[in-house]
Amino acid sequence: MAASYDVIVVGGGPVGAACARELARAGRRVAVLEPGGRLGQAWQAAAGMLAPQIEAHGDTPLLELGLAGREHYSALAPELREATGIDIGLWREGIAWVAASETEAAELRSKVAWQRQHSHLSDWLDADEVKGIFRSAWQADYPSIENFLTPIYAKSAFPPEGSNYSKYDNPEFEKLLTQAAAAKSLDEANTLYQQAEGLLAEDFPTAPLWYYVTTSAWSDRVTDVKVNAFGVLDTEAIKVK
Ligand SMILES: Cc1cc2nc3c(=O)[nH]c(=O)nc-3n(C[C@H](O)[C@H](O)[C@H](O)COP(=O)(O)OP(=O)(O)OC[C@H]3O[C@@H](n4cnc5c(N)ncnc54)[C@H](O)[C@@H]3O)c2cc1C
């Protein structure tokens, strides 16, 4: 017997799927048509941001619609988890926009002012104003314990010159770095660097989380393929057969 439906929705992206869901909840028999086995076009590429405020250009109906849509997710996310077992990972901590120039900073300041006037949550943070935990990354430039200490924890590495973003400042640590840099042998230097590292472990200015894995592949038409100490291919050494 041929199936029959009240409504056929053409396209199973967010718009089609949302319409089909609401229709089904209203008691309609719904079919969603989607070509091939691979669902979705635009939504497959989407970053998933719910960004009506940051993308707003003034007080338009689109902003109101976007804000209402964003609010709807608080109820929608648990409903979808309940119905499908899938957690959509709704995250409501806000979006940060970093001003890359004075011009952009001026534009963003006026955007923040406008949003606050209209009772939307929006804050301006100056440099160094982030007092909570933040994430950063470091990959060594050369294979030495020193390269994991001086450029990220020495006082001379305070931004903007260096990468001591936690502003770690310990005179004892500085003294050990200076002594290590003046050491007569590598062994002597490494012993001092290890003592400095011990101080870091006690003070714990940063929490090392993980070290990434680099995936490499090569063909049998080349030789001398080596992965260097930093986990990347040493392309200068590679020879073509
Ligand atoms: C790179 C990128 C990043 C984005 N980032 C964001 C973001 O961060 N936040 C955000 O909110 N939005 C974002 N978007 C926008 C968002 O993806 C779209 O607004 C949204 O996917 C539109 O939904 P839709 O259902 O209208 O279209 P689509 O997602 O394109 O779905 C349309 C569906 O129709 C199907 N279809 C097409 N023709 C037929 C046919 N003849 N018969 C049957 N089915 C058919 C397609 O296969 C597809 O599944 C982004 C878009 C892109 C491209």
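Which residues does Ala189 touch, not counting residues up to four places away in sequence? In this predicted model, the residues touched by Ala189 under that condition are Ala180 and Ala183.

## Ala189 and helix H7

Ala189 lies in helix H7, and it counts as partly exposed because 18 C-beta neighbours fall inside 10 Å, where 20 or more would be needed for a residue to be called buried. A further relation across the chain links Ala189 with Thr178: these two residues are eleven places apart along the chain, and their C-alpha atoms are separated by 9.7 Å.

## Domains

The protein chain is divided into four stretches, namely domain 1 (1-46), domain 2 (50-125), domain 3 (145-203) and domain 4 (211-241). Taken over C-alpha atoms, the centres of domain 1 and domain 3 are 59 Å apart.

## The nonpolar core

The largest nonpolar core is made up of twelve residues, which are Leu149, Ile152, Tyr153, Ala154, Tyr168, Phe173, Leu176, Leu177, Ala180, Leu192, Tyr193 and Ala196. The elements that each supply two or more residues to this core are helix H5 (150-153), helix H6 (171-181) and helix H7 (186-203), and of these it is H6 that gives the most, with four residues.

Tyr168 belongs to this core as well, and, once its neighbours within four places in sequence are left aside, Tyr168 is in contact with Tyr153 and Pro205. Tyr153 is itself one of the residues of the core.

## The two faces of helix H6

Within H6, the buried residues are Phe173, Leu176, Leu177 and Ala180. These residues lie on the same side of H6, because the arc that they cover around the axis is only 100°. The buried residues of H6 pack against H5 and H7, whereas the face of H6 turned away from its buried side carries Pro171 and Thr178, both of them exposed.

## The loop between H5 and H6

Asn164 is found in the loop between H5 and H6, and this residue counts as buried because it has 20 C-beta neighbours inside 10 Å. Leaving aside neighbours within four places in sequence, Asn164 is in contact with Ile152, Tyr153, Ala154, Ala157 and Phe158. For one of these partners, Ile152, which is twelve residues away from Asn164 along the chain, the separation of the C-alpha atoms is 4.2 Å.

Lys167 lies in the loop between H5 and H6, but it counts as exposed, since 12 C-beta neighbours lie inside 10 Å and a residue with 12 or fewer is placed in that class. The backbone of Lys167 has a positive phi of about 55°, although this residue is not a glycine.

## Ser119 in the loop after H4

Ser119 is found in the loop between helix H4 (102-117) and H5. Its phi is positive, at about 65°, although Ser119 is not a glycine. With 7 C-beta neighbours inside 10 Å, Ser119 counts as exposed.

## Surroundings of the ligand

The ligand is surrounded by 20 residues, and the closest of them are Gly11, Gly13, Val15, Ala42 and Ala46. Two elements give two or more residues to this shell, helix H1 (14-25) and helix H2 (42-45). Sorted by class, the shell around the ligand contains twelve nonpolar residues, seven polar residues and one charged residue.

Trp43 lies in helix H2, and with 14 C-beta neighbours inside 10 Å it counts as partly exposed. When residues up to four places away in sequence are not counted, Trp43 touches Gly13 and Pro14. The C-alpha atoms of Trp43 and Gly13 are separated by 6.4 Å, although the two residues are 30 places apart along the chain, and Gly13 is among the residues closest to the ligand.

Technical notes. Residues numbered from 1 in each chain as written. Predicted model: local features only at pLDDT ≥ 70, side-chain atom pairs only at ≥ 80, totals over all residues. Near = placed C-beta within 6 Å. Nonpolar A, V, L, I, M, F, W, Y, C, P; charged D, E, K, R; others polar. Domains from an automatic or database assignment. Core = buried A, V, L, I, M, F, W, Y, C linked by C-beta atoms within 7 Å. Contact = placed C-beta atoms within 7 Å. Arc of directions from axis to C-beta.
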